[in-house]
Amino acid sequence: MTATDPPRTASPAPPSELLPTLPGRYYTDPAVFAREQERILEARWFCAVRSADLARPGAFRTASVGRESVLVCRNRSGGVRAFLNVCRHRGARLCTAEAGEVRRSLQCPYHAWTYDLDGRLTAAPNMADMPGVDRGERGLLGVHVREWLGYVWVCLAQEPPSFDETVRATVARRLGGEEAVERYGAEGLALGRRISYDVAANWKLVIENFMECYHCGTIHPELTDVLPEFAEGYAAQYYVGHGARFGDDVAGFTVDGTAGFARIDGVGEEQDRRYYAVTVPPQVFVNLVPDHVIVHRMFPLAPDRTLIECDWLYSPEVVDSGADLSRSVELFDRVNRQDFAACERCQPAMSSRAYRDGGVLVPVEHHIAEFHSWVGDLIGDPPG
Ligand code: FES
Ligand SMILES: [Fe+2]
């Protein structure tokens, strides 16, 4: 520890104590997953798309949020709107593509009902002969939208929870203040690389894995070379405001410890040569290093399937220069593959009788119990 390290003050539990995990069925039972879709994925703020992927008016993306497909688009005045991706005529899915661009309206491919980019029904075949169709009442159903850190967050609840008291507060609590993440200026960074991972594991196994580093010494040789303290098993997320220090002989956050790129403008001296991480349940994991930001968005698709989209973000000058990002990207790509292989190794065992009552959290994993309580409080006693 150096003089600049913040105090390590996270775990209230006695160090020798073992805490229980969730029982195995929480990771396999369709009834549990249905509850989570309804009460978590469709009820909380969900990080759906990157704002810059909606570059111009008419650009759209679709995202799976719980049981719904959500259509996110940029309107004529440059704002972001999000709708349930369902035509109000007879229910066809309006946009089947993951991404695209329209000129000024969204037209249903079934009977050609047409909506503007604010979701208003503007035209339909034979509209003049159908006085019963009230355009004002038949627009697309909107969902709540917020933009933060360069991403569009949506909430499908009628009355969404406070974004500040949930998402922003979680980040502030873990990093010791919101400015710790805002200094990286993620909304002004450019996408260097995006990799999607289709993982055969329950979304909670993925979140739990991201929260702890007990496994780092076993499965992440490249990461522990760059961040030697990770070999001790204490994740950056274990301590409030703590950034894991790069090893003395490490030049940058790259797969072989060679130099990365210049520090992002705004990142402070005390944040240099440090790695910070924060999980924002239910589905976001952010990593901060001096020259880039890595954002994971998880899309739980089934009890045993989670799609993960991971973005590597750099200063626009770095991306525009055509610099070789491969060593930089490869470090966390390897970490991701190692992590997801571990999650996939656990998933089949979740339905074993050996795991009926779950497993245990050792002291360096105790903060995962907070995540379990969060899930439990939201879904209540699941049926069955
Ligand atoms: S279902 Fe969309 S126009 Fe008929
Ligand atoms: Fe890991």
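Visitor: Which elements are included in what covers the buried residues of α1?

Guide: This model is predicted. Seven residues of helix α1 are buried: Val-32, Phe-33, Arg-35, Glu-36, Gln-37, Ile-40 and Leu-41. Their cover includes strands and helices from several parts of the chain, namely β2, β3, α4 (203-211), β16 (292-302) and α9.

Visitor: At roughly what angle do the axes of α1 and α9 cross?

Guide: Helix α1 covers residues 30-41 and helix α9 covers residues 368-379. The axes of these two helices come within 9 Å, and they cross at roughly 85°. That makes α1, relative to α9, roughly perpendicular.

Visitor: Of the residues in the contact of α1 with α9, how many are nonpolar?

Guide: From α1 come Val-32, Arg-35, Glu-36, Arg-39 and Ile-40, and from α9 come Trp-374, Val-375, Leu-378 and Ile-379. Arg and Glu count as charged, and the contact has three charged residues and no polar ones. The nonpolar residues number six.

Visitor: Why can residues three or four places apart in an α-helix point the same way?

Guide: Helix α1 has Val-32, Arg-35, Glu-36, Arg-39 and Ile-40 among the residues that meet α9. For α-helices in general, residues three or four places apart point the same way because of the number of residues in a turn, which is 3.6.

Visitor: At the start of α1, which residue has a side-chain oxygen that reaches the backbone nitrogen of Ala-31?

Guide: The backbone nitrogen of Ala-31 has a side-chain oxygen within 2.8 Å. A polar contact needs an N or O pair within 3.5 Å. The side-chain oxygen belongs to Asp-29.

Visitor: Which residues does UniProt list for "domain: Rieske"?

Guide: The entry is unreviewed. In the model, this span is 0% helix and 41% strand, and its end C-alpha atoms lie 6 Å apart. The UniProt record gives the span as residues 45-154.

Visitor: Is Gly-58 buried or exposed?

Guide: Gly-58 lies in the loop between β2 (46-50) and β3 (59-65). Leaving out residues up to four places away in sequence, Gly-58 touches Arg-74, Gly-100, Glu-101, Val-102 and Leu-117. Its relative accessible area is 0%, and under 20% counts as buried. Gly-58 is therefore buried.

Visitor: What distance separates the C-alpha atoms of Gly-58 and Arg-76?

Guide: Along the chain, Gly-58 and Arg-76 are 18 residues apart. In space, their C-alpha atoms are separated by 7.2 Å.

Visitor: With which side chain does the side chain of Asn-75 make a polar contact?

Guide: Asn-75 is in the loop between β4 (68-74) and β5 (80-84), and it is buried at a relative accessible area of 5%. Its side chain reaches the backbone nitrogen of Gly-79 at 2.8 Å. Beyond four places in sequence, Asn-75 touches Pro-57, Arg-81, Leu-117 and Asp-118. The side-chain partner in the polar contact, at 2.8 Å, is Asp-118.

Visitor: Is Asn-126 buried or exposed?

Guide: Asn-126 sits in the loop between β9 (121-123) and β10 (144-148). Phi of Asn-126 is near 60°, a positive value in a residue other than glycine. Exposed means over 50%, and the relative accessibility of Asn-126 is 55%, so Asn-126 counts as exposed.

Visitor: What is the phi of Ala-112 near?

Guide: Most residues other than glycine have a negative phi. Ala-112 is in the loop between β7 (105-107) and β8 (114-116), and it is partly exposed, with a relative accessible area of 23%. The phi of Ala-112 is positive, near 70°.

Visitor: Which residue does a cis peptide bond join to Pro-281?

Guide: Most peptide bonds are trans. The cis bond here has an omega of about 10°. The partner of Pro-281 lies in the loop between β14 (274-280) and β15 (284-289). That partner is Pro-282.

Visitor: Which residues is His-215 in contact with, leaving aside its neighbours within four places in sequence?

Guide: His-215 is in the loop between α4 and α5 (216-219). With a relative accessible area of 12%, His-215 is buried. Its contacts are Asn-209, His-220 and Asp-339.

Visitor: How far apart in space are Phe-332 and Val-255, C-alpha to C-alpha?

Guide: Phe-332 is in helix α8 (residues 326-346) and is buried, with a relative accessible area of 2%. Among the residues Phe-332 touches are Phe-253, Tyr-275, Phe-285 and Trp-312. Phe-332 and Val-255 are 77 residues apart in sequence, and the distance between their C-alpha atoms is 7.8 Å.

Note on methods: Residues numbered from 1 in each chain as written. Chains lettered and ligands numbered in written order. Predicted model: local features only at pLDDT ≥ 70, side-chain atom pairs only at ≥ 80, totals over all residues. Heavy atoms only, no water. Axes fitted to C-alpha atoms, helices over the stretch in contact; angles between N-to-C directions. Helix = DSSP H or I, 4+ residues; strand = E, 2+ residues; numbered from the N terminus. Parallel < 35°, antiparallel > 145°, perpendicular 65-115°, else oblique. Contact = heavy atoms within 4.5 Å. Buried < 20%, exposed > 50% of the residue type's maximum accessible area, 1.4 Å probe, protein only. Polar contact = N/O pair within 3.5 Å; in protein donor to acceptor, adjacent residues only side chain to side chain. UniProt positions renumbered as here; feature names shortened; annotations may be inferred.
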